[in-house]
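Open the model in your viewer and keep the selection tool at hand. We will go from stop to stop, with a word on what to select and what is there.

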Amino acid sequence: MSVPGPTSPDGVLAGPPHGLEAGKLTPGLSDASSDEGLLEDLTVEDKAVEQLAEGLLSHYLPDLQRSKQALQELTQNQVVLLDTLEQEISKFKECHSMLDINALFTEAKHYHAKLVNIRKEMLMLHEKTSKLKKRALKLQQKRQKEELEREQQREKEFEREKQLTAKPAKRM
């Protein structure tokens, strides 16, 4: 019966199992004459495979677990970084929208100033047109008065001329 050889302190087999040294034949592997020896060798090989697997696992499992833990930490850190990045992006978008809002307010102030100027101009134009209308009305009234006075003067002159014209005496 062959058993695995001595193991090192870290759980790895240090050499080939006893009875499997170089140059020696393993019973059952080279000798196919006895079925009984074959069964016994298979059970021994199964045990050896199991022990080799355990040794292999014990050697690599701690490193794999540390790597797994490190990957989990990295994944968590990535999630935190992604969240932080999303927050920063949203802050940047807010700042950008604030700049847009500031630009809109500046534009609104500019157009408000234009509206105030237009209103002032409209009020000034309204005052001028009102004054011009009053002046035009006064001029029209003055012309009508002058025309009326001329007409009255003509009528007076016509009456005077009529009175001044000789009238034939009445015969009686």
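## First stop: pairs along the helix

Select arginine 150 and glutamate 146: both sit in helix α1, 4 residues apart, about one turn of the helix. Show their side chains and you will find them meeting in a salt bridge, 3.8 Å from N to O. Keep in mind that this is a predicted model. In general, side chains of opposite charge can pair when their charged atoms come close.

Are these two partners buried or exposed? Arginine 150 is partly exposed, with a relative accessible area of 46%. Glutamate 146 also counts as partly exposed, at 33% relative accessibility.

Next, select arginine 154 and glutamate 151. A salt bridge joins arginine 154 to glutamate 151, and their closest N and O atoms are 3.4 Å apart. Because they are 3 residues apart in helix α1, about one helical turn separates arginine 154 from glutamate 151. Glutamate 151 is partly exposed, with 36% relative accessible area.

Now travel along the chain to glutamate 88 and lysine 91. Here the closest N and O atoms of the salt bridge are 3.7 Å apart. Glutamate 88 and lysine 91 are 3 residues apart in helix α1, so about one helical turn lies between them. Glutamate 88 has a relative accessible area of 42%, which makes it partly exposed, and lysine 91 is partly exposed too, at 46%.

How many salt bridges does the structure hold? There are 4 salt bridges, and the pairs you have just selected are among them.

## Second stop: patches of charge

Clear the selection, turn on a surface, and pick Glu45, Asp46, Glu50 and Glu54. Together they gather in a surface patch of negative charge. Glutamate 54 belongs to helix α1, which covers residues 35-164. With a relative accessible area of 48%, glutamate 54 is partly exposed; the cut-off for exposed is over 50%.

For the opposite charge, select Lys128, Lys131, Lys134 and Lys138, which form a positive patch on the surface. Color lysine 134 separately: this residue is found in helix α1. Lysine 134 has a relative accessible area of 59%, so it counts as exposed.

## Third stop: a nonpolar patch

Which residues form a nonpolar patch on the surface? Select Leu56, Leu57, Tyr60, Leu61 and Leu64, which make up this patch and together have about 510 Å² of accessible area. Tyrosine 60 is a good one to center on, and it lies in helix α1. At 45% relative accessible area, tyrosine 60 is partly exposed.

## Last stop: the whole chain

Zoom out and switch to a cartoon view. The protein chain has 1 helix and 0 strands, and that helix, α1, runs over residues 35-164. Color by accessibility next: of the 172 residues in the chain, 5% are buried. The accessible surface of the chain comes to about 16,200 Å², with 60% of it belonging to carbon and sulfur atoms.

Finally, have your viewer show contacts. Among those between residues at least 6 apart in sequence, 34% join residues at least 24 apart.

Technical notes:
Residues numbered from 1 in each chain as written. Predicted model: local features only at pLDDT ≥ 70, side-chain atom pairs only at ≥ 80, totals over all residues. Heavy atoms only, no water. Patch = residues over 30% accessible without salt bridge, like charges linked within 9 Å, V, L, I, M, F, W, Y side chains within 5 Å. Areas by Shrake-Rupley, 256 points an atom, 1.4 Å probe, with all protein chains shown as cover. Lys, Arg positive; Asp, Glu negative; His and termini not counted. Charge placed at Lys NZ, Arg CZ, Asp CG, Glu CD. Helix = DSSP H or I, 4+ residues; strand = E, 2+ residues; numbered from the N terminus. Buried < 20%, exposed > 50% of the residue type's maximum accessible area, 1.4 Å probe, protein only. Contact = heavy atoms within 4.5 Å.
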